[in-house]
Amino acid sequence: MSTDEDEQQPPAPSVGPAPKGGPEFRPYRHPAAGWGAAGSVTRILARERAVVDGPRAIMRMNHENGGFDCPGCAWPDDTKGLHLDICENGIKHVTWEMTRKRVGRAFFAAHSVTELSGWSDYDLENQGRLTEPMVYDPESDHYVPIGWQDAFDLVGRELRELDDPDRAAFYTSGRLGNEATFLYQLMARELGTNNLPDCSNMCHEASGRALQASLGTGKGTVDLKDWESADALFILGVNAASNAPRMLTALAEAYRRGTRIVHINPLVEAAATRTIVPHDFTDMALFRATRTSTLNLQPRIGGDMALLRGMAKAVLEQSASDPKALDQEFIDRHTTGFEEYRALCEATPWEEIETQSGLSRADVLKAARVYGEADRSIVSWCLGLTQHEHGVDTVREIVNLLLLRGNLGREGAGPSPVRGHSNVQGNRTCGIDHRPGGPFLDRLAEVCAIRPPREHGLDTVGTIRAMRRGDVKVFVCMGGNFALAAPDTPAVWEALRTCELTVQVSTKLNRSHLVHGRRALILPCLGRTEKDHQRKGVQSTSVEDSMSMVHLSVGMKRPASPHLLSEPAIVAGMARAALPDSTTPWQWYVEDYDRIRDTMSRVLDGFEDFNRRVRLPLGFRIKQPARELVFLTPSGRAEFSAAALPDVVPAPGTLALGTMRSHDQWNTTIYSDNDRYRGIENLRTLVFMNRADMRERGIADLGPVDITSTARDGSRRSLHGYLAIPYDIPRGCAAGYMPEMNVLCALGDSSTQSDQPIMKHVKVTIDPAA
């Protein structure tokens, strides 16, 4: 990697494991999941020596009675009592957490930070579970042991000595449970800051802002039962087979019911073709696959909004001869802005829709026909729609389309964002929000007897910028691997190194422990699979899935080390040290998490009678006003938006590049250099390209290329020697893996609508390697 601005230290030379052989590419033509997933799971259990504990954990994962929630994706638990509500990726994540390998003081004594910085990220995480708190010693360049109280005292002292509480920032990834989340935001706000950046700022921020503007709620309105009764499902920008594999069950069941399923993605992913659901033993025995789509459309990167506008235009044109094409009664009673939107659609020429979507009018009309013929439709989407400059407008266009036919507030219909991490939605619900609302702060002040700040805080990109300027001096990170997950990797590393103190609460060693401030702490915590013993006994934590269901999770295993603390205990320990005069009963809360939940029930909308309802079978669903056709918008109605279509056609000679995960990867954790569903073996430094684009540039199959991005400010960033893979992707588009390609997305290239990094729409040139 290089830039034309400076010579900052580049990222690690390798993220994945050392390849066992040369890179290979063979197009994948098999059903998703099925025997491929079963074989992968078997190899994982054998590799991790988890042939006993692994199956035992599998039988306890995602179960309503005494089980633990999968630490992977946020897809809802099965509503029919399925005994194997699991997937390949969930098992990978659980066995990754349950590994017998350990990283203790002897390991850190043997390896300096400088040495470890040269290791691949795979090798770092593959060392095993962290076992005790460690502090960085700059004289020896090693991490050395530190007692828990001494670690808390260090955090507390650094926070108390800040001249302004806004010089601290408190980041969280999506794995944090609701109880720890609530305590975390309470600590930050009692300190006096709303600097609560989180992974949502990089993923679904656009979804929340769009749904809030259109419907008055930042969440989707449907649940899994709605998926079971929809006539049509539209899946946009989602790679379900890797990112939410349990969705395959819902898709297969929907297809068998006769539901029409439209997948919209620049790449036709494995989940958009066929599947064999592994827990369907008859299908497995007969090798019998079920289709998971009735139509696949491949818009250009960023072209989804134009496709949606075209579908709406087709519905409106049909209404001229068939008034039933619109639900006019619903529009009149529950919406505002319809006439302006109708005029906008009529004024948008088909030629522009075709150009911007990259699809023919005939293909757009196919999707519109499916929508028009369905009585109940659900539109679901993921990061393929949100990580763009115009992500908010695109999600609002989804709502526009749904409103035209009254697909809201009734069974089997509505918007359904697919959240990625297991409790990322719960984090936001329980207070991790740099832009908190007044009513929430009022209740927090009243119930918790604090004076929370009212000014907006910093999001993820804002925090990185503030750290680079020297304005943020203490950075606390609950989970995740911030140094690799964020965009513009060199800028992020520079930012972290300007801090006086960086604190990483983690289960395994990762890059963020090696890119640190002047002082640094590693605080190891319990994993989701482990028993959490507190004074009042074994504790449970709650999580919220992507469809607003809240349920309990209870660990089953002995902790990896007797020195591990739970996340609530770590937060409380830091809070007591930083706020010595606080009247908040931090230790009392940690003794019994029911006490935290009782307080949450008084602060959070929808959490009334929390402790009783969360213990019901499958927990409870947080009430969504928009589902009941109650719209908390300024107009009191659902609001049509009327945004102009963005120009997403790449300039001559350039390509639009989107970053994504491989199948054998979860966020920044890499399990191998393989990507089974895309036919890749032993390779991550690659770029998928349309064959015509390769031919035009004189690039051979698997030929080495240089990739250069140009940011809005004109600065350039490059990756060298990547291999080009010919792939079924629209002309003018390219794709590759994060986190390696995060370096190409400049910090300044974030959406003006959502402040999200535009990691799915990076402008690049790709040429044969020099």
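Which residue in strand 13 does H263 stand opposite? The views below, taken from a predicted model, start with that pair.

**View 1. Strand 10 is joined to strand 13.** Three bridges link the two strands. Strand 10 covers residues 260–264. The two run parallel. H263 stands opposite N296, a residue of strand 13.

**View 2. Five strands make an open sheet.** Follow the order 13-10-9-15-16 across the sheet. The pairing is parallel. Strand 13 (295–297) lies at one edge and strand 16 (414–417) at the other. Each of these edge strands pairs on one side only. From one strand to the next, the twist averages 15°.

**View 3. Helix 20 lies across two strands of the sheet.** The helix spans residues 391–404. The strands beneath this title are strand 15 (377–381) and strand 16. Relative to strand 15, helix 20 runs at about 175°.

**View 4. The largest nonpolar core holds 61 residues.** Five residues have the most contacts inside this core: F170, Y184, L521, L523 and M574. Helix 26 (residues 567–578) supplies the largest share, eight residues.

**View 5. Y184 and its contacts.** Set aside the neighbours within four places in sequence. Y184 is then in contact with F170, Y171, T172, L176 and I432. Its contacts also include V476, C477, M478 and V571.

**View 6. A second core is separate from the largest one.** This core has 53 residues. Among them are A210, L307, I353 and L401.

Methods
Residues numbered from 1 in each chain as written. Predicted model: local features only at pLDDT ≥ 70, side-chain atom pairs only at ≥ 80, totals over all residues. Heavy atoms only, no water. Pairing = 2+ DSSP bridges. Helix = DSSP H or I, 4+ residues; strand = E, 2+ residues; numbered from the N terminus. Axes fitted to C-alpha atoms, helices over the stretch in contact; angles between N-to-C directions. Contact = heavy atoms within 4.5 Å. Core = buried A, V, L, I, M, F, W, Y, C linked by side-chain atoms within 4.5 Å. Buried < 20%, exposed > 50% of the residue type's maximum accessible area, 1.4 Å probe, protein only.
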